[in-house]
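Biologist: I'd like a close look at one part of this model, with the cut-offs spelled out as you go. Take it wherever the contacts lead.

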Amino acid sequence: MDKINQALTYYEHDAFQHERVPKQPTSVKRSWLDTFSGTRLPWGNTQNVAPRCIMEDPTPNDMRFWEQAKKKAEEEKASNTYTKPTFDGVNLHQKFDHERFRLAQLPISSKLWLYLTIVGKITFFIMTPLYALVSLGMHIASRSSDIKYGFFELFMSGFWPFTFLPLFCWGVGHTVISYFPKVWFRPPKGPLWELNRRTGLVTVFDYKNFKKTGVIGEHIAPFYEFDAYLVTTPDRQGLPMIGLFLIHRYRDIRINFNSLITPDNTEQKPCALWDFFQNFMDVSRPLPDLPLYEPHRHLDPVSAEADRASGRQPRYWIDMDDETFKTKVKEMLGRIDAIDTLSRPNLMAQHVDYSD
């Protein structure tokens, strides 16, 4: 009884439970553009899935690394040999624990250095061998013509744009990021959005008046007042890419989850993210059993009680070897491929009359 009372007092009034959703007003009709580009996903009947980017962040190996780093730091503090990292204590405004799934992003000025490094590296490794093959092909073909082209001559003619420039960008970006962190790193102003399991509330942070007032606005509503939509948008080549949006049923509040997972040409990945968020927010269930939540499960009353009843090992993920974890990831990807979201009934329709 004490544990039941603890759970009841820990979670707040609007905390989401899939079997205790209140009756709500008729939904506001969406614009024709939203109706045309978005497919509403059903609520309920979720599966135990999470996108790969969440499943693998952190990996058990990462968890062991940070555990050792924390232990080493404590030992150094005890012996007065500890040196604070450059950005120790900087608020990144992100939080992924038993209460909050809160996302923030670095400012554009910091992202540019990351893009410079990544794009330069990828372009160098793709374009250099590709251009070498093209140069070799042209060299071989020229042997039977009147005009002869040497391989080295052809390769050097495109050396600057295809090899040197990407290598230069990669080198500059890597050097700045690795050795001059104060040049490239700027913390975010604040978070983009938050889903709070304990309160059952969704918060979208508004920066429209931030430059004038220095205040970050907040748009807050219960999780059950939102619906998830598959939204199709074209990429740079005009190909349809599918992402996930969370859109409030009555006000103009929405979250574009493309900042969390990149849009995909299939529906499975965003559908898996929708199931993950429902499972995370539902306080009638334990937290999703993922490496991300292992350090926090004992702090969530429902998860702690479920783990006690099932005999779950507290170090299930952190002590897992790499090969076993790869198998777990493969199993998760198989469940995502077979996800049945679009064939499910929308259980929220029992509590809401949809106008579209």
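Which residues of helix α10 are buried?

Modeller: A word on the ground rules before the helix. This is a predicted model, where local features need pLDDT of at least 70 and side-chain atom pairs count only at pLDDT 80 or more, while totals for chains, interfaces and linings use all residues. Residues are numbered from 1 along each chain as its sequence is written, and side-chain values use heavy atoms, with hydrogens and water left out.

Now your helix. The buried residues of α10 are P270, C271, A272, L273, W274, D275, F276, F277, Q278, N279, F280 and M281. Buried here means under 20% relative accessible area, exposed means over 50%, and partly exposed is in between (1.4 Å probe, protein chains only). That puts twelve of the 14 residues of α10 in the buried class, so the helix is largely enclosed by the rest of the structure. Helices (H or I, at least four residues) and strands (E, at least two) are DSSP runs, numbered from the N terminus. The length checks out too: at 1.5 Å a residue, 14 residues should span 20 Å, and the end C-alpha atoms of α10 are 20 Å apart, which agrees. The expected span is 1.5 Å times one less than the number of residues in the helix.

What does it sit on? Helix α10, residues 268–281, lies across β7 and β8 (240–248), and runs at about 25° to β8. Contact means heavy atoms within 4.5 Å, and axes are lines fitted to C-alpha atoms (for helices, over the stretch in contact), with angles from 0 to 180 degrees between N-to-C directions. Both strands belong to an open sheet of four strands, ordered β1-β7-β8-β9, with antiparallel pairing. The edges are β1 (38–40) and β9 (254–256); each has a single partner strand, so one side of each lacks a neighbour in the sheet. From one strand to the next, the twist averages 30°. Two strands count as paired if DSSP finds at least two bridges between them. For β1 and β7 (residues 226–234), which run antiparallel, there are three bridges, and T39 has L230 as its bridge partner in β7.

There's a charged pair on this sheet as well. R249 forms a salt bridge with D227, with the closest N and O atoms 2.7 Å apart. R249 lies in the loop between β8 and β9, while D227 is in strand β7, so the pair ties together parts 22 residues apart in sequence. Both R249 and D227 are buried. The salt-bridge criterion is a side-chain nitrogen of Lys or Arg within 4 Å of a carboxyl oxygen of Asp or Glu. By that count the structure holds 21 of them.

Follow the chain past the helix and you reach D282, in the loop between α10 and α11 (301–310). D282 is buried, at 0% relative accessible area. Leaving out residues up to four places away in sequence, D282 touches F16, Q17, H18 and R197. Its side chain also makes a polar contact with the side chain of S284, at 2.6 Å. A polar contact is a pair of N or O atoms within 3.5 Å; within protein, one must be able to donate a hydrogen and the other to accept it, and residues adjacent in sequence count only if both atoms are side-chain atoms.

D282 has a charged partner too: the side chains of R285 and D282 meet in a salt bridge, 3.6 Å from N to O. R285 is partly exposed, with a relative accessible area of 25%. Elsewhere, salt bridges that share partners join R30, R40 and D356 into one network. Within that network, R30 pairs with D356, with the closest N and O atoms 3.3 Å apart. R30 is in the loop between α1 (2–10) and α2 (32–37), and D356 is in the segment after α12 (322–337), so to speak distant parts of the chain, 326 residues apart. R30 is buried at 17% relative accessible area, whereas D356 counts as partly exposed at 29%.
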